[in-house]
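Colleague: Please take me through one part of this model, the sheet, and show me what is attached to it. Keep it brisk, and stay with what the model shows.

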Amino acid sequence: MIKILFPTDFSEKANNAFIYALKWAEKYDAEITTLHVYDLPILDMSYVDVPIYQAEVYQTLELNSFENFKDQIPALREVAERHNLGHIPIKNVLLSGDLVSNIINLVESEHINFVIMGTSRASGFKEMFLGSNTANVMTGSDACIIGIPDDSYYRPIRKICYTTQFSDEEQEALRKLLPIAKKFDAEIECIFIQTEDNEVKDVIVANWKLLFKDEKVSFHTIKSENVEDSILNFLETNHINLLAVAKHKRGFWDSLFHASLTKKLAMNIHIPLLVLHDH
């Protein structure tokens, strides 16, 4: 069975992203594991009865976290019922400690295929989704990561934009994107932003077109010195529902920011971002 991990803080914005997880699960006939992580504080070790004091504090915090967790679960089920997705199997996990470590461990132990995470525009897409938490999840796990901006409301995925430099690695990632697109009966629009410092040979583009001629994939080369605005304009003009990028083995952040998701783009994107592995 395909498995989806959905980390949540039970906020309204997280519940909004949960709709994407539910819709994704429906398409894949998948199960969802929701994950809530809470921190245990570092206590003052100078306290005279530290072991007793520590145990009491931790026990209280764990109990309160569990009670809060238990109280919030019906809200998620309500979201599912409201969207006629109450049949989706959902299990709920409460863990203490580091969010990223827990996600990576669950991805490995539970054989998770997709991690769907809400993002906060308050701190910026880059800070939340490309910041410490999700960035580390990207580099530390083999699951596909999908980030949902807090102002992105679910729309059927009909068109997917895939940014590419026409490298061999990105070709492999595109092959992984194909079955996802087929699940949603979506078209893939591959775009390459050509600048004075970034060009690709016509023969390479022609080869890609030949390799994917039997798929619902089209290729666009856009000449522009403003990469961010060109991508944003393409997303809006072509009514794109999902932006996909490849996660490279080496130099991931450099490649991601110079060609696919620069700071300006990260702050202005209003659709989900899918990060694929290229290996």
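Modeller: Start with one pair of residues: Ile-145 has Val-275, in E10, as its bridge partner. Keep in mind that this is a predicted model. The pair sits where strand E5 (residues 144-149) meets strand E10 (residues 273-277). These two strands run antiparallel, and 3 bridges join them.

Now widen the view. The sheet is open and has 10 strands. Read across, their order is E3-E2-E1-E4-E5-E10-E9-E6-E7-E8, and the pairing is mixed. Which strands stand at the edges? They are E3 (90-96) and E8 (217-223). Each has a single partner strand, so one side of each has no neighbour in the sheet. On average, neighbouring strands are turned by 25 degrees against each other, direction ignored.

A helix packs on this sheet: H8, residues 227-237. H8 touches four strands, E6 (159-163), E7 (187-194), E8 and E9 (242-247). The direction of H8 makes about 155 degrees with that of E7.

Next, the charged pairs. Side chains of opposite charge can pair when their charged atoms come close. The whole structure holds 6 salt bridges. One of them joins Lys-3 to Glu-110, with the closest N and O atoms 4.0 Å apart. Lys-3 belongs to strand E1 (residues 3-7). Glu-110 lies in the loop between helix H3 (99-109) and strand E4 (114-119). The pair therefore ties together parts that are 107 residues apart in sequence.

Glu-110 has another salt bridge, to Lys-91, at 3.2 Å from N to O. Lys-91 lies in edge strand E3, so here the loop between H3 and E4 is tied to a part 19 residues away in sequence. Lys-3, Lys-91 and Glu-110 are thus linked in a network of salt bridges. How accessible are Glu-110 and Lys-91? Glu-110 is partly exposed, at 23% relative accessible area. Lys-91 is also partly exposed, at 33%.

Turn to the loops before E7 and E8. There, the side chains of Lys-216 and Asp-185 form a salt bridge, 3.0 Å from N to O. Lys-216 lies in the loop between helix H7 (202-211) and E8, and Asp-185 in the loop between helix H6 (168-183) and E7. So this pair ties together parts that are 31 residues apart in sequence. Lys-216 is partly exposed, with a relative accessible area of 46%. Asp-185 counts as exposed, at 53%, since the cut-off for that class is over 50%.

Lys-182 belongs here too. This residue lies in helix H6 and is exposed, at 55% relative accessibility. In sequence, Lys-182 and Lys-216 are 34 residues apart; in space, their C-alpha atoms are 8.7 Å apart.

Now go back to E1 and look at the rings. The structure has 12 aromatic pairs. One of them is Phe-6 with Phe-18, a tilted pair: 5.2 Å centre to centre, 45 degrees between the planes. Phe-6 is in strand E1 and Phe-18 in helix H1, 12 residues apart, and the pair links distant parts of the chain. Are these two rings buried or exposed? Both Phe-6 and Phe-18 are buried.

Another pair is Trp-24 with Tyr-28. Their ring centres are 6.4 Å apart and their planes are at 15 degrees, so this pair is stacked. An α-helix has 3.6 residues a turn, so residues three or four places apart point the same way. Trp-24 and Tyr-28 are 4 residues apart in H1, about one helical turn. Trp-24 is buried, at 2% relative accessible area. Tyr-28 is buried as well, at 12%.

What of helix H1 as a whole? Of its 17 residues, 13 are buried, so H1 is largely enclosed by the rest of the structure. Its length checks out. At 1.5 Å a residue, H1 (residues 12-28) should span 24 Å, and its end C-alpha atoms are 25 Å apart, which agrees. Asp-29 follows H1 and has a positive phi, near 50 degrees.

One ring group remains. Phe-166, Phe-192, Trp-208, Phe-212 and Phe-219 are linked into a cluster by ring pairs.

How values were computed. Residues are numbered from 1 along each chain as its sequence is written. This is a predicted model: local features need pLDDT of at least 70, side-chain atom pairs count only at pLDDT 80 or more; totals for chains, interfaces and linings use all residues. Side-chain values use heavy atoms; hydrogens and water are left out. Two strands pair if DSSP finds at least two bridges between them. Axes are lines fitted to C-alpha atoms, for helices over the stretch in contact, and angles run from 0 to 180 degrees between N-to-C directions. Contact means heavy atoms within 4.5 Å. Buried means under 20% relative accessible area, exposed over 50%, partly exposed in between (1.4 Å probe, protein chains only). The expected span of a helix is 1.5 Å times one less than its number of residues. Rings of Phe, Tyr and Trp (its six-membered ring) pair if their centres lie within 6.5 Å; planes under 30 degrees apart count as stacked, over 60 as edge-to-face and the rest as tilted.
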